[in-house]
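Here is a short tour for someone who likes to keep the model open while reading. Please load it, and we will walk through it one region at a time.

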Amino acid sequence: MAQDDPKTLVSTDWLAAHLKDPDLRILDASWYLPDMNRDPRADYDAAHIPGARFFDIDEISDNRSDLPHMAPPVEKFMSRLRAMGVGDGHQVVVYDGIGMFSAARVWWLFRLMGQFDIAVLDGGLPKWLAEGRPTEDMPPIVRDRHMTVRRQNQMVKDVTQVASASKLCDYEIIDARSPGRFRGDEPEPREGLRAGHIPNSRNVHYATLLTEDGTMKSAPALREAFEAAGVDLTKPAITTCGSGVTAAILSLAMERIGKTDHALYDGSWAEWGMFPTVPVATGDA
């Protein structure tokens, strides 16, 4: 079991012990790919960890963009979180219905907004349920809470910055998608995208960072997984994936091994794969 750290990752034991803390706020950030045929909001309404609020990744995003769930403007993030009763002085724990899938995206989003007292629940709702812990179907009573936001622009990259990093090789670009999608062997789940990967990127499928029960591996094992994929951990890193969700699992894993110079490519393959002017590589390298 990974060591509890309220700024990165906490265990179900930790959350159970702190469940009644007055300044704890729990977020259900479940999100699913279309082919998973699951409705995260309906699942939340049926059963969630006591006190949890539902964080809608698709709604709390930049709706001016054609790309899926891009990071929202500061003002929208502040207003949505205030309405959820989440703000300054709160310790936030975020989980999802798969175990370790979309929760890390919200962890990264909070950090992008300058809020660092947030941790992902290791193993998520499946582990919580497997241990016979309580759930409820009632929404919590919410009181407005002000949130101070200081956007950390260095934590996010756009297509121009990633294209430069790909060309200059001054960053390690790390792709969280499956090996088949990285190589270009498997079709993309979104229509109209080219197959393959960003030139000079490395493939660390997010699932290789997890144990069989969906919890995150130990720090030494995480480091080993990155190095086995040829990642030079002395270089600053950019994480990427299909649409900026599982890339955040790589970001969380790097934070767990003490690597702090990482950013996330928010557009990810949903943007790169449709951009006609940027190159696409196929195969393993």
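## A central strand

Which residues of β9 are buried on one side, and which on the other? Ala237 and Thr239 lie on one side of β9, Ile238 and Thr240 lie on the other, and all of them are buried, so both faces of the strand are covered. Here, buried means under 20% relative accessible area and exposed means over 50%, with partly exposed in between (1.4 Å probe, protein chains only). Helices (H or I, at least four residues) and strands (E, at least two) are DSSP runs, numbered from the N terminus.

A word on the source: this is a predicted model, in which local features need pLDDT of at least 70 and side-chain atom pairs count only at pLDDT 80 or more, while totals for chains, interfaces and linings use all residues. Residues are numbered from 1 along each chain as its sequence is written, and side-chain values use heavy atoms, with hydrogens and water left out.

## The sheet around it

Let's place β9 among its neighbours. The order β6-β10-β9-β7-β8 describes an open sheet of five strands with parallel pairing; two strands pair if DSSP finds at least two bridges between them. At the edges are β6 (156-157) and β8, each of which pairs on one side only.

β7 (residues 172-175) runs parallel to β9 (residues 237-240), and four bridges join them. You can follow the partners across: Glu172 pairs with Ala237, Ile174 stands opposite Thr239, and Asp175 has Thr240 as its bridge partner. Like β9, β7 is covered on both faces: Glu172 and Ile174 are buried on one side, and Ile173 and Asp175 are buried on the other. Three bridges link β7 to the parallel strand β8 (residues 201-203), where Asn203 stands opposite Asp175.

## From β9 to β10

Three bridges also join β9 to β10 (residues 262-265), again running parallel. Within this pairing, Ala263 in β10 is the bridge partner of Ile238. Helix α9 (residues 247-256) completes a right-handed β-α-β unit with β9 and β10. Right-handed here means that, with the strands pointing away from the viewer, the path from the first strand over the helix to the second runs clockwise.

Ala263 turns up once more as a contact of Met155 (contact means heavy atoms within 4.5 Å). Met155 lies in the loop between α5 (124-130) and β6. It counts as buried because its relative accessibility is 7%. Leaving aside residues up to four places away in sequence, Met155 touches Trp108, Arg111, Leu112, His262, Ala263 and Leu264. By contrast, Val142 is 13 residues from Met155 along the chain, and their C-alpha atoms are separated by 30 Å.

## Helix α3 and its two sides

Next, have a look at α3 (residues 74-83), where Val74 is found. Its buried residues are Val74, Lys76, Phe77 and Leu81. These cover an arc of only 165° around the axis, so they are on the same side of α3; the arc is that of the directions from the helix axis to the C-beta atoms. They pack against α4 (103-112), whereas the face turned away carries the exposed residues Glu75 and Ala83. After the helix comes Gly85, with a positive phi near 75°.

Val74 touches Met113, Val149 and Arg151, not counting residues up to four places away in sequence. The C-alpha atoms of Val74 and Leu193 are separated by 29 Å, and the two residues are 119 apart along the chain.

## Rings and charges

How many aromatic pairs does the structure hold? There are five, where rings of Phe, Tyr and Trp (its six-membered ring) pair if their centres lie within 6.5 Å; planes under 30 degrees apart count as stacked, over 60 as edge-to-face and the rest as tilted. The pair of Tyr44 and Phe54 is tilted because the ring centres are 5.6 Å apart and the planes are at 45°. Tyr44 lies in α2 (residues 40-46) and Phe54 in β3 (residues 53-54), so the pair ties together parts that are 10 residues apart in sequence. Both Tyr44 and Phe54 are buried. Elsewhere, Trp31, Phe101 and Tyr206 form one aromatic cluster.

Two arginines are worth a look too. The charged end of Arg133 sits over the ring of Trp128, 5.5 Å from its centre, and that of Arg177 sits over the ring of Trp269, 4.5 Å from its centre. A charge sits over a ring if NZ of Lys or CZ of Arg is within 6 Å of the ring centre and within 35 degrees of the ring normal.
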